[in-house]
Amino acid sequence: MAGAARISTLSGRGIPLRGEDIDTDRIIPARYLRAITFEGIDAHLFEDDRAAAAGGGRPHPIDDPRFAGGSILVVNRNFGCGSSREHAPQAIHRRGIHAIVGESFSDIFFGNAAVIGLPCVSAPKAGIEQLMAAIEATPGTAVRVDLEQLRCDWDGGHLSLQIPAAVRDAFLTGAWDTTGMLLDRYDEVRGVAARLPYVAGFR
Amino acid sequence: MGQTLLQKVWDRHAVRVLPTGQTQLFVGLHLVHEVTSPQAFDTLRARGWTVQFPERTFATVDHIVPTIGRRRPFLDVMAEDMIAALERNCRDFGVPLWNLGDARQGIVHVIGPELGLTQPGLTIACGDSHTSTHGAFGAIAFGIGTSQVRDVLATQCLAIEPLKVRRIAVRGRLPAGVYAKDVILSIIRRLGVRGGVGYAYEYAGDTVERMSMDERMTVCNMSIEGGARVGYVNPDDTTFRYLAGRPLAPAGEAFDRATAWWRSLASDPDAGYDDEVELQAEDLTPVVTWGTNPGQAVGVGERVPAPDDVPDGERRGVADALDYMGLKPGTAISGTRIDVAFIGSCTNARLSDLREAARVVKGRRVAGHVKALVVPGSAGVRAAAEREGLDEIFRTAGFDWREAGCSMCLGMNPDKLEGRQVCASSSNRNFKGRQGSPTGRTLLMSPAMVAAAAVSGEVVDVRELIG
């Protein structure tokens, strides 16, 4: 809707989260979908993965003190596959993550993240590997995601980013909160509905 | 060049190109359930918006509801609060609700078709990724998140990007004991869990044309597990016969007019596709997943992979999945001991699924160490199964016979795995922790294969039991 913040440049420390096909059940287990608000859902982000990692003696990147305070999440392929639960990007966003840089994202997750103002930008595997390796070698590395220039920069490297033009424009112009835009010129919606035979029951 | 069904339906529902370049798409049918809607209704209330098309919006309860002990208030306080919120929201905004106790209640993707709401040529949205199920009718059906649920409630529209179309043709006769579930698991195994990202899947070929609507729904249901947000089958006489006489389908002359319109939307013979793939039905066998995503599957006669057998990029994922599942590399999947057998979910809890499972179960007993349950997809399926005596067959064999809901597919209600239990499941996801225990393990397979595993206590080839 009109008045949503324009989102163009996001900077912060990086968190490398390795792994393919990280699904939304892992991002936020279904038992945390039982509340009727999103309040506090960030406390349970990656809860089972974090417990399993801690049990194995190596902290999950979300808990790793080296990456504490990170706000740019770096992921591999098909991140956010599975369920359409918006609870997944909500939990990530409310945890203080402002952008996700990855090889690829599931379509539903990507859309759910966009509509809450959480950009998911893509880059080829080799570049993502460089970025992850840079953060792991020098935790605290500042990462800058620039949607205007479609670049991701860090000390010692940079990447070209990809994001569908329409979604990029929505962030840059503050049109990512879609309801207001969809209510504009509503007579056109009524017009389309009137032309669809099923809306009148094929009478 | 002709058009695909996706293009035709898209064009008829496109309102305009938004300033961002996305398409504003009118939604012909919005299905609502208790879990992904409360925050959306709250936003409507806060901003003073109404539901624009309450007559094109329908709600039911499925995800969190218990499948036994349904007296209100529920013992589960959070479930009670969630259902109460949906009741309030539907009342305040004029949305029909098929609640517990209503003969029309059930899993949202089972009742839409059953009641005749799901029709060819519609755009359908629901806050659940398995909305792709409705594509079996030649509808374009999107799973959406809660902010998009808000958009559809408040505007009956989505802001969305166009999709490419991949045609997946399955040809030939399916062998006995090989089901629609095995077809879609085989497709995902071949194309991968991310192969469909950016695509709609059009399922075609004579095998799909011969499938019943129930079978087509099973195939379309799991499109999302292959990465495709949308899957569909072109509407044909099987579709129209299914819809004739359904309570909310057009009737009389309106049905004839509807049929003509529906038929016109099928993909043209000379339609262009972004990609095409073919599978031979004769080559397929019963499929069982061994890993932690639905693409990690083998034929029931095969062995699970070893990390060394797979390309470099996959090695870590395979090793991690085998470790989680507690399976030794290279062992036969057949013979894997199970603790729980679950027949249910929007993938496989329709009447024909229960019939096939009952055929395997009849005259046999659930293995002593196995807990087995059948959760029909809807109150309607449950009643129809009881009229045929299927409930008796399952009960006599030692299955629990429950009331309709999503149940152990995602374990949001009391139906959960415990600890590291292994579950033979007719559902759609074998993700880590999916069935309610953070360490629980899921083996996906057809309902008949679940029945066979239940009575054998381990994974077996159902073809040996139905000979």
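## A guided tour of chain B

Begin by colouring chain B by domain: domain 1 covers residues 5-160, domain 2 covers 164-283 and domain 3 covers 287-466. Please keep in mind that this is a predicted model.

**The whole chain.** Display chain B alone. Its 16 helices and 19 strands occupy a box of roughly 55 × 55 × 45 Å along the principal axes, as judged from the C-alpha atoms. Is the chain compact? What would a compact globule with 467 residues have as its radius of gyration? The expected value is near 23 Å, and chain B has 21 Å, which agrees. Buried residues account for 62% of the 467 residues in the chain. Among contacts with a separation of 6 or more, 76% link residues that are 24 or more positions apart.

**Two strands and their hairpin.** Select residues 14-17 and 23-26 of chain B, which are strands E1 and E2. The two strands pair in the antiparallel sense over three bridges; in one of these pairings, B:Val17 has B:Thr23 as its bridge partner. Five residues lie between the strands of this hairpin, where B:Gly21 takes a positive phi near 100°.

Now show the side chains of E2(B). B:Thr23 and B:Leu25 point one way, B:Gln24 and B:Phe26 point the other way, and all are buried.

Add residues 157-160, which form strand E8 of chain B. E2(B) and E8(B) run antiparallel and are joined by four bridges, with B:Leu25 standing opposite B:Leu158.

**Where domains 2 and 3 touch.** Turn to domain 2 and domain 3 of chain B, whose centres are 24 Å apart over C-alpha atoms. Here 17 residues of domain 2 are in contact with 19 residues of domain 3. On the domain 2 side, select helix H6 (180-191) and helix H8 (213-221), each of which supplies at least two residues. H6(B) provides the largest share, six residues. What kinds of residue make up this side of domain 2? They divide into six nonpolar, six polar and five charged.

**The nonpolar core.** Finally, display both chains and select A:Val74, B:Val288, B:Ala341 and B:Val450, the residues with the most contacts inside the largest nonpolar core, which has 218 residues. Helix H15 (residues 447-456) of chain B gives the largest share of this core, eight residues. In soluble globular proteins, nonpolar side chains tend to be buried together.

Centre the view on B:Val450. Leaving aside neighbours within four places in sequence, B:Val450 is in contact with several residues, including B:Ala341, B:Phe342, B:Ile343, B:Ala357 and B:Met445.

Terms used
Residues numbered from 1 in each chain as written. Chains lettered and ligands numbered in written order. Predicted model: local features only at pLDDT ≥ 70, side-chain atom pairs only at ≥ 80, totals over all residues. Core = buried A, V, L, I, M, F, W, Y, C linked by C-beta atoms within 7 Å. Buried ≥ 20, exposed ≤ 12 C-beta atoms within 10 Å, placed from the backbone. Contact = placed C-beta atoms within 7 Å. Rg over C-alpha atoms; globule rule 2.2 N^0.38 Å. Pairing = 2+ DSSP bridges. Domains from an automatic or database assignment. Nonpolar A, V, L, I, M, F, W, Y, C, P; charged D, E, K, R; others polar.
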